[in-house]
Amino acid sequence: MRRQCNLNFGWQYSPEESGDRWEDISLPHTNREIPSGYFDDGICSFVSRYRRTLYLDKQEGKVYRLCFEGISSYAKLYVNGRYVCEHKCAYTDFYADITNFVKNGENEILVIVDSTERADIPPFGGVVDYLCYGGIYRDAWLIVTDCVYIQNVYCYSVSPVRERDLTVEIALAGGNAEVKVILLDGDHKIATAGSQSKDGRARTRFLRLPVELWSVSSPKRYTVRVYAGEDEYTLFYGFREAKFTAEGFYLNGERLFLMGLNRHQSFPYVGYAMPRNAQIEDADILKYTLGVNIVRTSHYPQSRHFLDRCDEIGLLVFEEIPGWNHIGDDAWKEQTLKNLYDMIIRDRNRPSVVLWGVRINESEDDHDFYTRTNALAHSIDSRQTAGVRWKPHSEFLEDVFAINDFVPLYEEPPLRDPHLETGLDCDVPYLVTEYMGHMFPTKITDNEERLARHALRHAEVQNLARSNRKISGAIGWCAFDYHTHRHFGTNDKICYHGVMDIYRNPKYAAFVYASQRSVKEGLVFEPATIWAFGERDIGGVVPLYIYTNVEEVVLEIAGRESMTYYPAKDKFPHLPHPPVIIDKMPETWGCTWQDGTLIGKIGGKEVVRREYSSNPLPDRLELTCATKKAAKGDSVRFTVRALDHKGNVMKYFDEIVSIRVNGGRLVGRSEIALQGGMYTFWVIADGNGAVSATAEGARLKAGRAEIGLSEYESHYSL
C-alpha cells in the first residue's frame, strides 16, 4: 500500500555553501526574507543548503522516493553523503528514487540549492520582469510503494457532452499488475472496470456515465481511484468540453466570454514561499472577490494548492511554461521541453486547465523550437495550445493566437483589431493575454484621479473586448503588484501593475471586474472617490465612477435636492454591469464642502449606502481574518484597515501600526505603516492552539481577530 508522508517539518537551513551555521526551519521556506521594497534585486541569488534527518524502517521490496514540489531554481540531492541526482527548474516537481541510498534507521537528506540566475535554466539568460527568489519554497514528500507502483494516471473524455465517456490510461513502474479503476461520486460507486497491464501500461474506457458536467458555475468533480497490485492512486476529475474557436470560447457547447487576470505567485517578504492557505486564498480572491472566470499562470506552472482550488471552485486556467522574452541555446531549449512535459503530465487531469502555453512569453519567432513544443503538448494531451506574443504578425503555430495587446493609455481604441494583430486573412481563435500593466502603473497610495483613470481604462478594455465575437476573452495585466528586477517597475523594485497591491488589497480597478458579477453572486458598490474637494485637478469629485451591479444610484447632499443616476449603458454597452457615472453636480467652488451619501437601489429598494463626511475623523482600526481554517505550518491572513467615523477607509492615513500575534510566526515586520489606509499580513501557525492578532496605533483603537486551528485532509495524488 502506498504511504505518503509530508516532510515539511524538521529541516535545518544554512545560507552558506559550506560551514557549520544552521538554523531550524520548516517548509515552505525562502532562502532570504526581503524588505517590502528597496533592496538589491540579487538578494536571493546565492547557494544555500537544506538538511533533514529521515528515520526509516526500511523494508525489502519497497521503493522510497522523495518529491520536492518547488525548489528555486537548481537543486542537487545527497542522501547519507552520496550524490543522488539534480533538478533544473524552479516550477516543476523534483522526484528522486532514494531506495538504494537509504538504510534502516537514521538517514541524512541534504539538498544544495543554487538560487542564482543561471543562464542554463529558464527563464534566465536574458532580463526577466519578475523576481524568482530562492529556497525550497513548496511542499516536500516521502512516497513509499511496492516495487510495482503507479507512475501516473491520465484521464480524458473524447465526448463529455454527448457520450459522458471517460478513458483512464495508467502507466506503471517496475513491472505489470492487475489494474482496477473505480469512479465515485463522493462515497457512491458509479462504475468499475479491471484489466491486466502489459508493458507497464493499462487502459480502461467507460461510456454513457451518469455524471454531471463541470463548469465555472457548477464545478462538479468525481473521484477516480486506481488500484495496481498493492498500490493505490486517487485523483479528482471533471467532465467538461472546452474549445477555443474563431467565434469565441465555448465551455460545454455554450459561449463564455473570458474575463481574467494574470497572477504571479509571489508575496511580500517571503516571495514564493507561502503555504497552502495563501495559495487557496489567491484563487478565492480571483474567483469570488474579483469575479474573474480565468487566470493565466504567468509565467510558469504554479502551486498545486492553487490549481486544486481552481478545479474546486470553477476558475479556468491558462497554464504556461517558465520563460520570459529570452530563448537560450540548444541545451536551454531541451530543458524547456522537459519543463513543458513535466507541467502537462502533472496537470493534464485538471478540469480547470483549458489551455497550454507552449511559447516563451513575448519571445521572438523560432519555427523549429515552437513546432517541437506544440508537437510535444499535442502528443501527451488533447487540450489546445497557445503562444503568448507581443509582436503582431508573428508566426502562428499554435491552436490559439494569444497576444499581449499593450495600447498606450490615451490611444484609442484601447484594443487593436484581431486581424491587424494576426496579419492573417482568415479568422482564428484569438485571446488577449495582457493589457494595461506598464501602460499605466498605479500605486494604491496614488491620488484619486490616477486610481480612477486606471480603473476606467480597465473598464474600457473589457467593454471593447466583449463587443467583438472574434475575441475569446481578455486577461488583464495583472491581479497583484509584484517584486521585479531593476530593469522594470519603480526604483523600489515593485511593478505596480496590479488591480490589487502586493498585499492583496484592492485598488479601484479591482471593482471593475468584481462588479460584472450578478447580485446573486455578491453585491458590489464601490464609488471611486474619497469625497474630498481638493483631491482632483480643478476640484470636486466629478466625473465620479461607481463600479456596481445595482440598478440605480441616488446621490444625496445636505441642503440640496437628491439626484438619481443609472448605469452608463450608452458608454459601456457590452459590460454586463456598466459603471454609474455622476458627471454633473451642483456648483461647489467657493461653497462649503458638504457631507454626501450614495445609495444603491434594486427594484426601487435601497440595498446599500455609502456615507461620506466632509470632515472625516480617525475612528478605529478594523482587523479581520480572511482564513477559514488552518493547521500547523499553514498561513492565516489578516487585514487591518484605518476607518473614519463613517466607516470609510482613510487612504492617506499612513501612521505606524503595531501588530502582535499569538499562536504563530508573523511574516514580515511587527511595526508597519499603512498603505492606502490598509495592510494585510500573514501568520504561519505553530500548531499550538488558536492564532490571534491585534493591531494598534497611537491614535486609533485596537483591532483584534482570531482563528482556531483544525486539522484538514490533504487530497493529493502524485
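# Exercises on side-chain contacts

Tyrosine 91 and tyrosine 300 are both buried. Keep that pair in mind as you work through this predicted model.

**Exercise 1.** Find out how the rings of tyrosine 91 and tyrosine 300 are arranged, and which parts of the chain they tie together.

*Solution.* Start with the geometry: the ring centres of tyrosine 91 and tyrosine 300 are 4.3 Å apart, and the planes differ by 5 degrees. Planes under 30 degrees apart count as stacked, and that is how this pair is classed. Next, place the two residues. Tyrosine 91 belongs to the loop between β8 (82-88) and β9 (94-97), while tyrosine 300 belongs to the loop between β24 (294-297) and α2, so the pair joins parts that are 209 residues apart in sequence. Finally, look around the pair: both residues belong to one aromatic cluster, together with Tyr130, Tyr133, Tyr137 and Tyr272.

**Exercise 2.** Decide whether the pair of tyrosine 222 and phenylalanine 239 is stacked or edge-to-face.

*Solution.* The ring centres lie 5.7 Å apart with the planes at 75 degrees. An angle over 60 counts as edge-to-face, so tyrosine 222 and phenylalanine 239 form an edge-to-face pair. Tyrosine 222 sits in strand β18 (residues 222-228) and phenylalanine 239 in the loop between β19 (231-237) and β20 (242-245), so the pair connects parts 17 residues apart in sequence. As for accessibility, tyrosine 222 is buried at 2%, and phenylalanine 239 is buried at 0%.

**Exercise 3.** Locate the partners of the salt bridge between arginine 309 and aspartate 284, and judge whether each is buried or exposed.

*Solution.* The N to O distance in this salt bridge is 2.7 Å. Arginine 309 is in helix α2 (residues 304-313) and aspartate 284 in helix α1 (residues 276-289), 25 residues apart, and the pair links distant parts of the chain. Buried means under 20% relative accessible area. Arginine 309, at 17%, is therefore buried, and aspartate 284, at 18%, is buried too.

**Exercise 4.** Work out which partner is buried in the salt bridge of arginine 359 with aspartate 365, and then in that of arginine 450 with aspartate 446.

*Solution.* In the arginine 359 and aspartate 365 bridge, the closest N and O atoms are 2.7 Å apart. Here arginine 359 is buried at 2%, whereas aspartate 365 is partly exposed at 39%. Now take arginine 450 and aspartate 446, which meet at 3.6 Å, N to O. This time arginine 450 is partly exposed at 31%, and aspartate 446 is buried at 14%.

Methods: Residues numbered from 1 in each chain as written. Predicted model: local features only at pLDDT ≥ 70, side-chain atom pairs only at ≥ 80, totals over all residues. Heavy atoms only, no water. Salt bridge = Lys/Arg side-chain N within 4 Å of Asp/Glu carboxyl O. Helix = DSSP H or I, 4+ residues; strand = E, 2+ residues; numbered from the N terminus. Buried < 20%, exposed > 50% of the residue type's maximum accessible area, 1.4 Å probe, protein only. Phe/Tyr/Trp six-rings, centres within 6.5 Å; stacked < 30°, edge-to-face > 60°.
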